[in-house]
Amino acid sequence: MVEGQLMSYKALIDRNLTLAFNQIKDLAEDVILKKSSSNDFDFGTGTTSNTVVEKPIKAVVIKSNKMSNSHNGSVREIMFKSKGLGDLNAYDVVSFEGADWRFSTKINSDGYIIHAQVYREG
(Lines give C-alpha, C1' and ligand atoms only; values in the text may rest on other atoms or scores of the structure.)
Protein backbone atom coordinates (compact mmCIF):
# COMPACT_ATOMS: atom_id res chain seq x y z
CA MET A 1 0.00 0.00 0.00
CA VAL A 2 1.31 3.41 -0.93
CA GLU A 3 1.67 5.99 1.84
CA GLY A 4 -0.68 8.40 0.03
CA GLN A 5 -3.40 5.75 -0.02
CA LEU A 6 -2.99 5.15 3.71
CA MET A 7 -3.35 8.85 4.44
CA SER A 8 -6.43 9.07 2.22
CA TYR A 9 -8.01 6.11 4.04
CA LYS A 10 -7.42 7.78 7.40
CA ALA A 11 -9.01 10.99 6.10
CA LEU A 12 -11.93 9.00 4.68
CA ILE A 13 -12.49 7.23 8.00
CA ASP A 14 -12.32 10.52 9.91
CA ARG A 15 -14.81 12.19 7.55
CA ASN A 16 -17.21 9.27 7.88
CA LEU A 17 -16.91 9.26 11.67
CA THR A 18 -17.71 12.97 11.74
CA LEU A 19 -20.69 12.31 9.48
CA ALA A 20 -21.84 9.44 11.71
CA PHE A 21 -21.64 11.55 14.89
CA ASN A 22 -23.64 14.28 13.11
CA GLN A 23 -26.23 11.79 11.87
CA ILE A 24 -27.02 10.26 15.27
CA LYS A 25 -28.32 13.66 16.40
CA ASP A 26 -29.87 13.30 19.87
CA LEU A 27 -27.99 10.08 20.65
CA ALA A 28 -24.80 12.13 20.83
CA GLU A 29 -24.47 14.43 23.81
CA ASP A 30 -22.26 17.41 24.41
CA VAL A 31 -19.70 16.45 27.02
CA ILE A 32 -16.71 18.33 28.37
CA LEU A 33 -13.32 16.76 28.97
CA LYS A 34 -11.48 18.56 31.77
CA LYS A 35 -7.85 18.56 32.79
CA SER A 36 -6.04 20.57 35.39
CA SER A 37 -2.95 22.43 34.33
CA SER A 38 0.03 22.68 36.63
CA ASN A 39 -0.35 24.74 39.77
CA ASP A 40 0.96 28.29 39.55
CA PHE A 41 2.53 29.81 42.65
CA ASP A 42 2.02 33.52 43.30
CA PHE A 43 5.04 34.71 45.29
CA GLY A 44 3.28 37.98 46.14
CA THR A 45 0.35 36.34 47.93
CA GLY A 46 1.92 32.98 48.75
CA THR A 47 -0.99 31.09 47.18
CA THR A 48 -1.30 28.56 44.40
CA SER A 49 -3.82 28.57 41.61
CA ASN A 50 -4.99 25.73 39.45
CA THR A 51 -6.32 26.29 35.92
CA VAL A 52 -8.82 23.85 34.42
CA VAL A 53 -8.69 23.38 30.66
CA GLU A 54 -11.97 22.25 29.09
CA LYS A 55 -12.50 20.54 25.73
CA PRO A 56 -16.11 20.20 24.53
CA ILE A 57 -16.80 17.15 22.34
CA LYS A 58 -19.71 15.04 21.13
CA ALA A 59 -20.05 11.60 22.71
CA VAL A 60 -22.49 8.76 22.83
CA VAL A 61 -23.36 8.03 26.46
CA ILE A 62 -24.61 4.51 27.07
CA LYS A 63 -26.88 4.79 30.05
CA SER A 64 -27.37 1.87 32.39
CA ASN A 65 -28.43 1.18 35.93
CA LYS A 66 -25.15 -0.57 36.69
CA MET A 67 -23.49 0.31 39.94
CA SER A 68 -19.74 0.19 40.41
CA ASN A 69 -18.67 -2.20 43.15
CA SER A 70 -15.12 -0.89 43.19
CA HIS A 71 -16.08 2.81 43.31
CA ASN A 72 -19.43 2.64 45.15
CA GLY A 73 -21.34 4.65 42.57
CA SER A 74 -22.90 4.84 39.12
CA VAL A 75 -21.23 3.62 35.93
CA ARG A 76 -21.68 4.80 32.34
CA GLU A 77 -19.97 3.93 29.10
CA ILE A 78 -19.09 6.64 26.62
CA MET A 79 -17.89 6.53 23.03
CA PHE A 80 -16.29 9.42 21.15
CA LYS A 81 -13.88 10.23 18.34
CA SER A 82 -10.23 10.22 19.33
CA LYS A 83 -9.03 12.75 16.73
CA GLY A 84 -7.62 15.90 18.30
CA LEU A 85 -7.74 14.67 21.90
CA GLY A 86 -4.18 13.52 22.39
CA ASP A 87 -3.58 11.24 25.36
CA LEU A 88 -6.83 10.51 27.19
CA ASN A 89 -4.87 9.98 30.43
CA ALA A 90 -4.20 13.73 30.46
CA TYR A 91 -7.87 14.39 31.26
CA ASP A 92 -9.07 14.21 34.85
CA VAL A 93 -12.83 14.05 34.35
CA VAL A 94 -15.58 14.16 31.76
CA SER A 95 -18.68 16.23 32.56
CA PHE A 96 -22.18 15.28 31.44
CA GLU A 97 -25.60 14.77 33.02
CA GLY A 98 -24.77 17.69 35.31
CA ALA A 99 -21.93 15.82 37.05
CA ASP A 100 -18.22 15.07 36.78
CA TRP A 101 -17.36 11.45 35.93
CA ARG A 102 -13.92 9.85 36.33
CA PHE A 103 -12.37 7.45 33.85
CA SER A 104 -11.98 3.87 35.01
CA THR A 105 -9.21 1.60 33.76
CA LYS A 106 -11.52 0.19 31.06
CA ILE A 107 -10.57 2.31 28.06
CA ASN A 108 -10.42 0.86 24.54
CA SER A 109 -9.25 2.70 21.45
CA ASP A 110 -8.66 1.67 17.87
CA GLY A 111 -7.10 5.01 16.96
CA TYR A 112 -10.39 6.43 15.69
CA ILE A 113 -13.00 5.70 18.36
CA ILE A 114 -12.52 5.60 22.13
CA HIS A 115 -14.85 3.47 24.23
CA ALA A 116 -14.43 4.19 27.93
CA GLN A 117 -16.10 3.31 31.18
CA VAL A 118 -16.63 6.22 33.57
CA TYR A 119 -17.91 6.31 37.12
CA ARG A 120 -19.35 8.76 39.60
CA GLU A 121 -19.24 8.10 43.30
CA GLY A 122 -22.32 8.39 45.44
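Ser-36 touches Asn-50, Thr-51, Val-52 and Asp-92 in this predicted model, leaving aside residues up to four places away in sequence. The residue is found in strand E1, which covers residues 28-36. One of the contacts, Thr-51, lies 15 residues from Ser-36 along the chain, yet the two C-alpha atoms are separated by 5.8 Å. With these neighbours in view, is Ser-36 buried or exposed? Its relative accessible area is 37%, and because this value falls between the 20% limit for buried and the 50% limit for exposed, Ser-36 counts as partly exposed.

Further along the chain, a run of strands is joined by hairpins. Strand E7 (residues 93-96) and strand E8 (residues 99-109) run antiparallel and are joined by four bridges; within this pairing, Val-94 has Trp-101 of E8 as its bridge partner. The two strands form a hairpin with two residues between them, and Glu-97 in the turn adopts a positive phi of about 55°.

Strand E8 is also joined to strand E9 (residues 113-121), again in an antiparallel arrangement, here through five bridges. Phe-103 finds its bridge partner in Val-118 of E9. Three residues stand between the strands of the E8 and E9 hairpin, where a positive phi near 95° is taken by Gly-111.

How does confidence vary across the model, and where is it lowest and highest? The average pLDDT of the chain is 81, and 86% of the residues score at least 70. Strand E7, the partner of E8 in the hairpin described above, has the highest confidence, at a mean of 94, whereas strand E5 (residues 67-68) has the lowest, at 66.

Technical notes. Residues numbered from 1 in each chain as written. Predicted model: local features only at pLDDT ≥ 70, side-chain atom pairs only at ≥ 80, totals over all residues. Heavy atoms only, no water. pLDDT = per-residue confidence, 0-100. Pairing = 2+ DSSP bridges. Buried < 20%, exposed > 50% of the residue type's maximum accessible area, 1.4 Å probe, protein only. Contact = heavy atoms within 4.5 Å.
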